[in-house]
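Subject: The structure, and what turned up in it

Hi,

Here is the structure I promised to pass on. Please open it first, and then read the notes underneath with the model beside you.

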Amino acid sequence: MSETIMNRAANIGSKLVYPMKASRVSTVSLASRMKYSQPLISKLRSGKANLQYEQVESLLEAVPKQSGHLLIDILNQLSNGLIPPSVNGKYLYLTPSSMEDRVLEEAKQASQALMNASDEFGRPIKSLNDFHDPEEAFNQLYDLTKYSLTLEVVIGEHIGWDTPEIQKHCRDREMYLKKHRYQIV
(Lines give C-alpha, C1' and ligand atoms only; values in the text may rest on other atoms or scores of the structure.)
Protein backbone atom coordinates (compact mmCIF):
# COMPACT_ATOMS: atom_id res chain seq x y z
CA MET A 1 0.00 0.00 0.00
CA SER A 2 1.50 3.34 -1.02
CA GLU A 3 1.23 6.61 0.81
CA THR A 4 -0.81 9.48 -0.62
CA ILE A 5 1.48 11.81 -2.55
CA MET A 6 -0.86 14.79 -2.41
CA ASN A 7 -4.03 15.37 -0.45
CA ARG A 8 -7.06 16.95 -2.09
CA ALA A 9 -8.37 18.56 1.13
CA ALA A 10 -7.11 20.26 4.29
CA ASN A 11 -8.61 20.63 7.73
CA ILE A 12 -8.18 24.30 8.63
CA GLY A 13 -10.24 24.30 11.81
CA SER A 14 -9.53 27.20 14.13
CA LYS A 15 -6.72 28.52 11.86
CA LEU A 16 -9.38 30.34 9.87
CA VAL A 17 -10.39 32.56 12.83
CA TYR A 18 -7.42 34.99 12.75
CA PRO A 19 -7.49 35.74 9.00
CA MET A 20 -11.26 36.28 9.23
CA LYS A 21 -10.83 38.74 12.12
CA ALA A 22 -7.94 40.56 10.44
CA SER A 23 -9.85 40.79 7.17
CA ARG A 24 -13.02 41.84 9.06
CA VAL A 25 -15.04 39.07 7.49
CA SER A 26 -17.93 37.33 9.23
CA THR A 27 -18.98 33.75 8.59
CA VAL A 28 -21.96 34.96 6.56
CA SER A 29 -19.82 37.41 4.58
CA LEU A 30 -17.16 34.76 3.92
CA ALA A 31 -19.83 32.34 2.71
CA SER A 32 -21.15 34.99 0.35
CA ARG A 33 -17.68 35.88 -0.98
CA MET A 34 -16.82 32.23 -1.59
CA LYS A 35 -20.30 31.42 -2.92
CA TYR A 36 -20.78 28.66 -0.35
CA SER A 37 -23.32 28.17 2.41
CA GLN A 38 -22.87 29.67 5.85
CA PRO A 39 -23.17 26.22 7.50
CA LEU A 40 -20.23 24.98 5.38
CA ILE A 41 -18.08 27.92 6.51
CA SER A 42 -19.04 27.20 10.12
CA LYS A 43 -18.01 23.58 9.64
CA LEU A 44 -14.68 24.69 8.12
CA ARG A 45 -14.04 26.94 11.14
CA SER A 46 -14.88 24.17 13.60
CA GLY A 47 -12.87 21.54 11.74
CA LYS A 48 -15.94 19.41 11.02
CA ALA A 49 -15.47 19.88 7.26
CA ASN A 50 -12.34 19.91 5.15
CA LEU A 51 -11.40 22.67 2.74
CA GLN A 52 -11.23 21.15 -0.73
CA TYR A 53 -8.34 21.96 -3.03
CA GLU A 54 -10.71 23.77 -5.40
CA GLN A 55 -11.82 26.09 -2.56
CA VAL A 56 -8.36 27.27 -1.48
CA GLU A 57 -8.03 30.15 -3.94
CA SER A 58 -11.46 31.64 -3.22
CA LEU A 59 -10.85 31.38 0.53
CA LEU A 60 -7.51 33.17 0.35
CA GLU A 61 -8.99 35.88 -1.88
CA ALA A 62 -11.80 36.38 0.64
CA VAL A 63 -9.43 36.69 3.64
CA PRO A 64 -6.24 38.38 2.39
CA LYS A 65 -5.08 39.69 5.78
CA GLN A 66 -2.92 37.46 7.99
CA SER A 67 -3.69 34.39 5.93
CA GLY A 68 -0.04 33.52 5.29
CA HIS A 69 0.09 31.12 8.24
CA LEU A 70 -3.18 29.58 7.07
CA LEU A 71 -1.75 29.14 3.56
CA ILE A 72 1.37 27.43 4.93
CA ASP A 73 -0.79 25.03 6.95
CA ILE A 74 -2.99 24.30 3.94
CA LEU A 75 0.10 23.62 1.81
CA ASN A 76 1.47 21.38 4.56
CA GLN A 77 -1.63 19.23 4.42
CA LEU A 78 -1.96 19.26 0.63
CA SER A 79 1.72 18.29 0.22
CA ASN A 80 1.25 15.48 2.74
CA GLY A 81 3.95 16.96 4.97
CA LEU A 82 6.61 17.89 2.42
CA ILE A 83 6.03 21.57 3.21
CA PRO A 84 6.33 22.06 6.98
CA PRO A 85 3.39 23.59 8.88
CA SER A 86 3.51 27.13 10.20
CA VAL A 87 5.07 27.63 13.62
CA ASN A 88 2.52 27.51 16.42
CA GLY A 89 2.36 30.88 18.20
CA LYS A 90 1.51 29.04 21.40
CA TYR A 91 5.15 28.00 21.83
CA LEU A 92 7.01 30.94 20.32
CA TYR A 93 6.19 34.61 19.94
CA LEU A 94 5.53 35.25 16.27
CA THR A 95 7.40 38.55 16.13
CA PRO A 96 10.32 39.34 13.84
CA SER A 97 12.78 39.63 16.75
CA SER A 98 11.89 36.35 18.47
CA MET A 99 11.60 34.47 15.18
CA GLU A 100 14.90 35.94 13.96
CA ASP A 101 16.74 34.49 16.96
CA ARG A 102 15.19 31.08 16.37
CA VAL A 103 15.96 31.07 12.63
CA LEU A 104 19.58 32.07 13.26
CA GLU A 105 19.97 29.20 15.74
CA GLU A 106 18.30 26.75 13.33
CA ALA A 107 20.64 27.95 10.56
CA LYS A 108 23.68 27.26 12.77
CA GLN A 109 22.42 23.77 13.56
CA ALA A 110 21.64 23.07 9.88
CA SER A 111 25.08 24.32 8.83
CA GLN A 112 26.80 22.10 11.40
CA ALA A 113 24.72 19.07 10.41
CA LEU A 114 25.58 19.61 6.73
CA MET A 115 29.28 19.83 7.55
CA ASN A 116 29.03 16.62 9.58
CA ALA A 117 27.33 14.83 6.68
CA SER A 118 29.51 16.20 3.88
CA ASP A 119 31.81 13.17 3.80
CA GLU A 120 28.79 10.84 3.45
CA PHE A 121 27.38 12.95 0.60
CA GLY A 122 30.56 12.41 -1.44
CA ARG A 123 30.47 8.62 -1.20
CA PRO A 124 28.33 6.07 -3.01
CA ILE A 125 25.23 5.17 -0.98
CA LYS A 126 26.20 1.46 -1.02
CA SER A 127 29.38 2.23 0.92
CA LEU A 128 27.54 3.89 3.82
CA ASN A 129 26.92 1.85 6.96
CA ASP A 130 25.54 4.65 9.09
CA PHE A 131 22.99 7.23 7.95
CA HIS A 132 22.94 9.26 11.17
CA ASP A 133 24.71 12.34 9.78
CA PRO A 134 22.67 12.60 6.55
CA GLU A 135 19.45 12.03 8.51
CA GLU A 136 20.42 14.71 11.01
CA ALA A 137 21.19 17.10 8.13
CA PHE A 138 17.73 16.36 6.72
CA ASN A 139 16.11 17.00 10.12
CA GLN A 140 17.95 20.25 10.69
CA LEU A 141 17.11 21.51 7.19
CA TYR A 142 13.45 20.66 7.82
CA ASP A 143 13.53 22.70 11.04
CA LEU A 144 15.23 25.61 9.28
CA THR A 145 12.65 25.54 6.50
CA LYS A 146 9.76 25.47 9.00
CA TYR A 147 10.98 28.46 10.99
CA SER A 148 12.27 30.42 7.97
CA LEU A 149 9.00 30.07 6.06
CA THR A 150 7.06 31.31 9.07
CA LEU A 151 9.52 34.17 9.56
CA GLU A 152 8.95 35.28 5.94
CA VAL A 153 5.24 35.63 6.70
CA VAL A 154 5.92 37.34 10.05
CA ILE A 155 8.26 39.88 8.39
CA GLY A 156 5.73 40.55 5.64
CA GLU A 157 2.94 41.09 8.17
CA HIS A 158 5.25 43.31 10.27
CA ILE A 159 5.91 45.49 7.21
CA GLY A 160 2.17 45.65 6.60
CA TRP A 161 1.86 43.40 3.58
CA ASP A 162 -1.20 41.22 3.16
CA THR A 163 -0.73 37.65 1.95
CA PRO A 164 -1.00 38.47 -1.79
CA GLU A 165 1.76 41.07 -1.35
CA ILE A 166 3.96 38.53 0.47
CA GLN A 167 3.39 36.08 -2.37
CA LYS A 168 4.28 38.76 -4.94
CA HIS A 169 7.56 39.46 -3.16
CA CYS A 170 8.33 35.72 -3.15
CA ARG A 171 7.67 35.52 -6.90
CA ASP A 172 9.78 38.67 -7.50
CA ARG A 173 12.65 37.15 -5.54
CA GLU A 174 12.45 33.92 -7.54
CA MET A 175 12.55 35.94 -10.78
CA TYR A 176 15.61 37.80 -9.46
CA LEU A 177 17.35 34.52 -8.62
CA LYS A 178 16.54 33.10 -12.06
CA LYS A 179 17.86 36.24 -13.71
CA HIS A 180 21.13 35.75 -11.83
CA ARG A 181 21.18 32.01 -12.64
CA TYR A 182 20.74 31.08 -8.98
CA GLN A 183 24.17 32.39 -8.06
CA ILE A 184 24.73 33.37 -4.45
CA VAL A 185 23.57 37.00 -4.38
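The notes below go from the whole chain to single residues.

**Before you start**

This is a predicted model, in which local features need pLDDT of at least 70 and side-chain atom pairs count only at pLDDT 80 or more, while totals for chains, interfaces and linings use all residues. Residues are numbered from 1 along each chain as its sequence is written, and side-chain values use heavy atoms, with hydrogens and water left out.

**The overall picture**

The protein has 8 helices and 2 strands. Both kinds of element are DSSP runs numbered from the N terminus: helices are H or I with at least four residues, strands are E with at least two. Read from the N terminus, the order is β-α-α-α-β-α-α-α-α-α. Along the principal axes, the C-alpha atoms fill a box of roughly 60 × 45 × 35 Å.

Of the 185 residues, 33% count as buried. Buried means under 20% relative accessible area, exposed means over 50%, and partly exposed is in between (1.4 Å probe, protein chains only). The accessible surface comes to about 12100 Å², and carbon and sulfur atoms hold 55% of that; these areas come from the Shrake-Rupley method with a 1.4 Å probe, and for residues only the protein chains shown count as cover.

Contacts (heavy atoms within 4.5 Å) reach along the sequence: among those with a separation of 6 or more, 64% join residues 24 or more positions apart.

**Two nonpolar cores**

A nonpolar core here is a set of buried Ala, Val, Leu, Ile, Met, Phe, Trp, Tyr and Cys residues joined through side-chain atoms within 4.5 Å. The largest has 21 residues, and I12, L16, L30, L51, L59 and I74 touch the most other members. Helix 2 (27–34), helix 3 (38–46), helix 4 (56–62) and helix 5 are the elements that give two or more residues to this core. Apart from it lies another core, of 9 residues, including L92, M99, Y147 and L151.

L51 is a good place to zoom in. Leaving out residues up to four places away in sequence, L51 touches R8, A9, A10, I12, M34, L44, V56, L59 and I74.

**Helix 6 against helix 7**

E106 lies in helix 6. Is E106 buried or exposed? E106 has a relative accessible area of 4%, so this residue counts as buried. Beyond residues up to four places away, E106 touches Q140, D143, L144 and Y147.

Q140 shows the contact from the other side. Q140 sits in helix 7 (residues 132–159) and is buried too, with a relative accessible area of 9%. Outside four places in sequence, Q140 is in contact with E106, Q109, A110 and A113.

Y147 has a charged partner as well: the charged end of R102 sits over the ring of Y147, 4.1 Å from its centre. For that call, NZ of Lys or CZ of Arg must be within 6 Å of the ring centre and within 35 degrees of the ring normal.

**The loop before helix 6**

L94 is in the loop between helix 5 (68–78) and helix 6 (96–121). L94 counts as partly exposed because its relative accessibility is 31%. Which residues does L94 touch, not counting residues up to four places away in sequence? They are H69, V87, G89, M99, T150 and V154. L94 and V153 are 59 residues apart in sequence, with their C-alpha atoms 9.6 Å apart in space.

N80 is also placed in the loop between helix 5 and helix 6. N80 is not a glycine, yet has a positive phi of about 60°. At 37% relative accessibility, N80 counts as partly exposed.

**Other backbone points**

Most residues other than glycine have a negative phi. K35, in the loop between helix 2 and helix 3, has a positive phi of about 65° although it is not a glycine. K35 counts as exposed, at 71% relative accessibility. R181, just after helix 8, takes a positive phi of about 55°.

Helix 8 (residues 163–179) has 17 residues, and its end C-alpha atoms are 24 Å apart, which agrees with the 24 Å expected at 1.5 Å a residue. The expected span is 1.5 Å times one less than the number of residues.

Happy browsing!
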